[in-house]
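Biologist: Could you take a close look at one part of this model for me, the strand at the middle of the core and whatever packs around that strand? Please spell out your cut-offs as you go.

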Amino acid sequence: MVTFSLAVRPLVSRLHCQLVRQAAGSHRVTPVRRCNLTACSSKYVLSHVHPMWQGPLVVPGGDRQSPIDIAVRRSVLDSNLKPLETSYDPKTCQQIWNNGYSFLVEYDDTADRNTLKGGPLQDTYRLCQFHFHWGESNDWGSEHTVDRQLFPAELHLVHWNSDQFSLFEEAVMEDNGLAVIGVFLKVGKRHEGLQKLVDALPAIRHKESVVEFNHFDPACLLPANTEDYWTYHGSLTTPPLTESVTWIVMKQHIEVSHDQLAVFRSLLFTSAEEEVQKSMVNNFRVQQPLRGRTVRSSFSPFLQGAPSARGSKHSC
Ligand SMILES: [Zn+2]
């Protein structure tokens with residue numbers, strides 16, 4: 001077990017790290033990701049399952065787990081949903097950290113300097129970190145899917161409710177404690193804003209490595225259109241899997257280049273001391289059942305094609 005330099009790390013990082021450690025047990029389970037790709041065979045999943053998913057989970061899943069498939073025609077337009085209001089201060093960016101499952105770009109969250117409000121939210125939420133999930137190829141990697149469509153990667157901007165709580169650690173355990181913005185990544189042209197981050201990744205190749213990282217504006221990773229989104233009540237997709245998250249999943253994706261994603265994949269799940277090095281890929285959770293939840297949309301999904309199915313319950 002490696003001892004971390006706690007002094008340089010925000011509380012959120014410590015919690016995240018502990019959780020990853022707690023979840024790494026010896027009892028292997030076989031999650032099966034519902035997937036429309038032949039590449040996602042059970043053999044593939046078995047051979048690549050991350051240690052975090054091999055042990056009994058600290059908090060067993062309830063009825064509001066994430067991620068889910070967003071069935072566009074079953075989502076319900078909610079005209080009361082407001083536009084999102086984000087206000088981020090690039091100067092509060094502190095560090096980038098390989099936690100052995102993803103890399104986290106962490107922000108000073110001791111004051112309301114990076115806030116999210118509006119949308120489906122009643123309160124003000126404070127950004128603490130963002131991270132990504134990605135696949136070993138461009139054919140899969142996102143946690144959420146849209147009509148079963150997989151994306152190569154997914155960005156999560158994690159915010160906690162600073163109106164009702166004083167720490168991330170309190171908010172993570174409670175209803176309406178967290179608000180996470182999800183953004184899908186597609187492969188296309190190089191993303192200029194992301195490149196500064198990509199350039200820093202070789203310095204945190206191994207698990208538990210951390211470097212200073214300053215002046216990064218998370219707003220540059222949002223799509224041009226943030227008015228169109230889906231929202232639902234769900235959970236964290238890493239332990240403790242608490243059902244404290246208001247998910248806000250952007251309809252519009254952002255584009256990154258294959259080379260930029262290749263640098264993500266050059267990271268390692270493993271620390272420098274470990275004999276067998278493992279590439280950091282396929283760091284997504286398997287999809288979870290909707291269990292009667294409603295996915296609301298801020299836009300009408302039927303203006304571009306299926307006008308009669310609005311709000312209906314029939315399967316697509
Ligand atoms: Zn995530």
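Modeller: Sure, let's start with Val-183. Leaving out residues up to four places away in sequence, Val-183 touches Glu-154, Leu-155, Leu-221, Leu-222, Pro-223, Met-250, His-253 and Ile-254; a contact here means two C-beta atoms, placed from the backbone, within 7 Å.

A word on ground rules. This is a predicted model, where local features need pLDDT of at least 70 and side-chain atom pairs count only at pLDDT 80 or more, while totals for chains, interfaces and linings use all residues. Numbering runs from 1 along each chain as its sequence is written. pLDDT is the predictor's confidence in each residue, from 0 to 100; the chain averages 84, and 78% of the residues score at least 70. Take care with residues 1-47, where pLDDT stays under 50, and with residues 305-316, where pLDDT also stays under 50.

Back to the core. The largest nonpolar core has 66 residues, and Val-183 is listed with Leu-178 and Val-180 as having the most contacts inside it. Strand E10 (residues 178-187) gives the most to this core, with seven residues. By nonpolar core I mean a set of buried Ala, Val, Leu, Ile, Met, Phe, Trp, Tyr and Cys residues joined through C-beta atoms within 7 Å. Buried means 20 or more other C-beta atoms within 10 Å of a residue's own, exposed means 12 or fewer, and partly exposed is in between, with C-beta atoms placed from the backbone. Helices (H or I, at least four residues) and strands (E, at least two) are DSSP runs, numbered from the N terminus.

How enclosed is E10? Eight of its ten residues are buried, so E10 is largely enclosed by the rest of the structure.

Now its partners; two strands pair if DSSP finds at least two bridges between them. E9 and E10 pair in the antiparallel sense over eight bridges, and one of the matches is Leu-157 with Ile-181 of E10. E10 also runs parallel to strand E13 (residues 245-250), joined by five bridges, with Leu-178 opposite Val-245 of E13. Three more bridges join E10 to E14, again parallel, and there Val-187 stands opposite Val-256.

Next, helix H5 (residues 258-265), in which Gln-260, Leu-261 and Phe-264 are buried. Viewed down the H5 axis, the buried residues fall within an arc of 95°, so they line one face of the helix; that arc is taken over the directions from the helix axis to the C-beta atoms. What do they pack against? The buried residues of H5 pack against strand E7 (125-134), strand E9 (153-161), E10, helix H4 (192-200) and strand E14 (254-256). On the face turned away from the buried side, H5 carries the exposed residues His-258, Asp-259 and Ala-262.

For contrast, try Cys-220, which lies in the loop between strand E11 (210-212) and strand E12 (229-234). Cys-220 counts as partly exposed because it has 15 C-beta neighbours inside 10 Å.

Stepping back, the chain has five helices and 15 strands, and 43% of its 316 residues count as buried. Among contacts between residues at least 6 apart in sequence, 74% join residues at least 24 apart.
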